[in-house]
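Biologist: Could you take a close look at one part of this model with me? I would love a connected account of how some of its helices pack.

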Amino acid sequence: MLAVCSEVTSQVVGERRLSLLHELGAAAREIRSVEASCNALAKALAGDPLDVPFALLYLRNGDAPLDRVVAVGLPTDHVAAPAALAENTETPWRAAPALAGQAVELHGLGPLLGLPGGLWADPVEDAVVLPVRGETSTEPLGVLILGLSPSRAWDDTYKAFSDLATDQISTALRNARAYEEERRRAEALAELDRAKTQFFSNVSHEFRTPLTLMLGPVEELLRRPDLDPSVRDELTLAHRNALRLLRLVNTLLDFSRVEAGRADASFERVDLSRLTAELASTFRSAIEKAGLRLEIDCPPLAGDTYVDRDMWEKIVLNLLSNAFKHTFSGHIAVALRAGQDGQARLTVSDTGVGIPPDQLHRIFDRFHRVEGSHSRTHEGSGIGLALVRELVQLHGGSVEAASQSGHGSVFTVTLPLGHAHLPAEHIGTARRLASTGIGAAPFVEEALRWVDGATPMVPAEGAAPVVKVVPLRAAARERAGPAAPRRRIVLADDNADMRAYVERLLAPLHDVASFAEGAGALAALRAQPADLLLTDVMMPVMDGFALLRAVRADPALRTTPVLLLSARAGEEASVEGLEAGADDYLVKPFSARELLARVRTHLELAALRREAEAQAHQAQKMEAVGQLTGGIAHDFNNLLGAVIGSLELVERRIGDDPRVIGLLRNAQQAAQRGVKLTGQLLAFSRRQQLQARPTNVNQAILGMGDLLHRSLGGKVGFSTHLAKDLWPAMADANQLELAVLNLAINARDAMPDGGELTIRTMNFPVHRDGVPSGPEPGDYVIIEVSDTGEGMSPEVLSRAFEPFFTTKDVGKGTGLGLAQVFGSVKQLGGDVTVESQLGIGTTVKLFLPRASAAAEAEEAQLTQAADVTRSPGGSVLLVDDDPQVRVAAADMLREMGHTVTVLENGREALRWLAGDARVDLMLADFAMPGMTGAELAARARALRPELRVLLATGYADKDGATAGDLAAAVLRKPFSLAELRKAVNIALTESRSGEPAKIAKFGQARRQENP
């Protein structure tokens, strides 16, 4: 009798292990949380006790010991399965070598484990500790401990199986962590975006209040028939700049609405030709004043046109303003035509300087400005053309630019005729949000300001104010997301039937491009990148591995997910494919369900990667927002400087009329409030530098008495307890006043029914055994602000200094006050503590570092120099590109008794300095087109080495550092007459004494002086 036996052990073992790998792969493909993934992995490992008698998975958790997340085959209370595992432990498992990337084999574990295993229940004696690998070049996520079967030899096949299982587990955990991380990042960025929108909303509202208080009194004074002509000129200057400030605020408001998806359009049927011609005609006076021609060609259109009037006004006026800004000879043309394609086309062309070719593609980007371009002014926030594009797109149209450097530019706006392309709910309906339009006057007024000798436009007597102050609503509208688009998949397989089968499975959900070999697939990928590459391994010409290497070597394609299909079964083939760089390896034959599941998983992971890139772009956009706020604050400083200087001079000349003086004081207070809000914008954009000087804190608080009493109102009692012999503190006097005022106003708001506010000062030395959570050891001056108000809950207290966080209603605050207090004190080397109880009150303590003796001596020297009485007759050269700032600064210098020569740019100043005219001091703006103040100072010193230089700037950090290199003093805009006098006195004193210059920085209005 013949009995034939076949050895199938290897086949049985291989199939069993392959089944486990399939289960682990399925767990890796599902995008879920780390906890859910660990549960799925534990279930899969428990299904193969013959190859894995037990398994333990430990993951890193920061600096803490490794946490056990999976225990299979051993009870959770077993001595060999501790809940936590130190990285440097030797018992029961050696984790350190595995965390360094090495596999650790352990033997003789039978007494420790007491665990039977294998087909014959032999004791498990061996185990292997393997690293759970993270992303490339990162530390392992943790360690995987696998028990080894006592029935199988630990050979190469067993090792390959263990490595592949570990790779699948690593992939599952990486996917889960990536999913959780991306979800957290998306939530954080969404919160940041909401905070940014809320910030714009609050800031817009807060700026409108001082604007109303400025414009109202000034317009009332301008309507007085008996107003002195010189006073009228000064008030007109203040009014014009306040209107320009309102235009900038409205542009900021429009931008924030578009950014938040809350732009409110009301489309109506209009005579677009007539409306466009009327808007363009408003620029005729400015254009002809500049020696240019304005050509308007807007014949009636054949079809109906629907636009939002206010938005169309901003589109036309922004394009015209931009053309006028960059055109110095020739003409500006506005034309409107209806094409045969049912589109209306508006073209605004000019013969100006044009746009450089490398900048043309970015001309509509938000915040982008063409640096070094020849223009009538250096001003601008960089969002005008970006806003034009957004408004045109809201009309269902498009805008494009064509230009050649030195030969002008052409901007073309294309709008569909009719209203079928517009949302029905916005046609002919009332506007839900009040308009931000202020008419053409501010645009034309600004254009006229760029032309020398232009006559300003003033409000007619009895005319209604043009101000439209509209608060933003806090909540943004919810919008449903669009349907997910079809994904593009490239399929490469030399078998025509397989191609047809896979394409038939995927075509209902995706767009599939199929090819018979790798070269064609690679060419298709380079021509149009795909969301997924699905490729067979064995193909002629270029096989799957060669295609995979080419994709990973191409920077444009290396992130493309790759799924390998192969008839080569077994662990070795899978390991080879994964090690070659494939994202997954699918063995033929496969089920349709498995293929669709794997394709769906990798497409979702690819979508997560794209989302991460979008979030990175969002972070860059937030940085651009910071640049925008800094730029706008710089322009505000110029405007406020002209307003403050003009109002101060008017107050000196207007006489003793109490009613007029009261109106002027109201306008001055509103302007000072604008100064403080501008300071907050500069701090938000990190463009404001603290000027730490020895400060008499008691004197600063006493000087705020009237301001605090007015701010607190009649219901809140106010008292001070100021320590005698108080040390001088290192502080920025302006920021110190702002910090105390912020704390006082917060205390007032916490006492709606009245209460007591107390401000105390004291000396406070902190020793090494001082308060554990307080400031570092040293000597401090404490300012303590206490109230008897409502107090704060622990939750509110924990977020008290968080930027944009506020418990107040919309419009009652920006949410930046306390954050700025905290940041400013920390920058000075101090600290802030808060104690609060609900129903009892709140106490805030500011710890300011004590001023050193050397700092006090230097401050005394500067103060002495500033207080020296000087004879009139100094000769000052004033250089500034802003006409309003030139007028205001020149009048203040003449008021001080100096002879002033006024020039508008650096080239004119250098020509003048090349002569023999006497000049004691040059006062120059830092930011000027063509030649900055720093460049002018360096070249002027080459002509006149003894020349003293004072630079005026709205950027205290960057420009101040450059001025320091030039040994020039810095005067921060906006400045008062007293601050200008102090800066000029010091500069002239040093000039006459012949001593080396001391770098000094002079701050904004309302700065407290030291004794």
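In particular, is the crossing of α14 and α15 left-handed or right-handed?

Modeller: Happy to help, and please keep in mind that this is a predicted model. The crossing you ask about, that of α14 and α15, is right-handed. Helix α14 covers residues 518–527, and its axis lies 9 Å from that of α15, at an angle of about 20°. Because angles under 35 degrees count as roughly parallel, α14 is roughly parallel to α15. On the α14 side the contact is made by G518, A521, L522 and L525, and on the α15 side L547, A550 and V551 take part. Sorted by class, the residues of this contact are six nonpolar and one polar, with no charged ones.

Let me stay with α15 for a moment. This helix runs over residues 544–553, and its buried residues include L547, A550 and V551, the three that α15 brings to the contact with α14. G544, F545 and L548 of α15 are buried too. At the N-terminal end of α15, D543 acts as a cap, with a side-chain oxygen 3.3 Å from the backbone nitrogen of F545.

For a second view of helix packing, let us turn to α9, which spans residues 309–325. One of its partners is α7, residues 272–281. The axes of α7 and α9 come within 10 Å and cross at roughly 45°, and the two helices are therefore oblique to each other. The crossing of α7 and α9 is right-handed. From α7, the contact is made by L272, L275, T276, L279 and A280, while α9 supplies R309, W312, E313, V316, L317 and L320. By class, these residues divide into eight nonpolar, one polar and two charged.

Helix α9 also packs with α11, residues 384–394, at an angle of about 145°, and their axes are 9 Å apart. Here the crossing is left-handed. The α9 residues in this contact are M311, K314, I315, N318, L319 and N322, and they meet G384, L385, V388, L391, V392 and L394 of α11. The class count for the contact of α9 with α11 is eight nonpolar, three polar and one charged.

So that you can set the pairs side by side, here are the angles once more: about 20° for α14 with α15, roughly 45° for α7 with α9, and about 145° for α9 with α11.

Key
Residues are numbered from 1 along each chain as its sequence is written. This is a predicted model: local features need pLDDT of at least 70, side-chain atom pairs count only at pLDDT 80 or more; totals for chains, interfaces and linings use all residues. Side-chain values use heavy atoms; hydrogens and water are left out. Axes are lines fitted to C-alpha atoms, for helices over the stretch in contact, and angles run from 0 to 180 degrees between N-to-C directions. Helices (H or I, at least four residues) and strands (E, at least two) are DSSP runs, numbered from the N terminus. A crossing is left-handed if the near helix is turned anticlockwise from the far one by less than a right angle, and right-handed if clockwise. Contact means heavy atoms within 4.5 Å. Ala, Val, Leu, Ile, Met, Phe, Trp, Tyr, Cys and Pro count as nonpolar, Asp, Glu, Lys and Arg as charged, and the others, Gly among them, as polar. Buried means under 20% relative accessible area, exposed over 50%, partly exposed in between (1.4 Å probe, protein chains only). A polar contact is a pair of N or O atoms within 3.5 Å; within protein, one must be able to donate a hydrogen and the other to accept it, and residues adjacent in sequence count only if both atoms are side-chain atoms. Angles under 35 degrees count as roughly parallel, over 145 as roughly antiparallel, 65 to 115 as roughly perpendicular and the rest as oblique.
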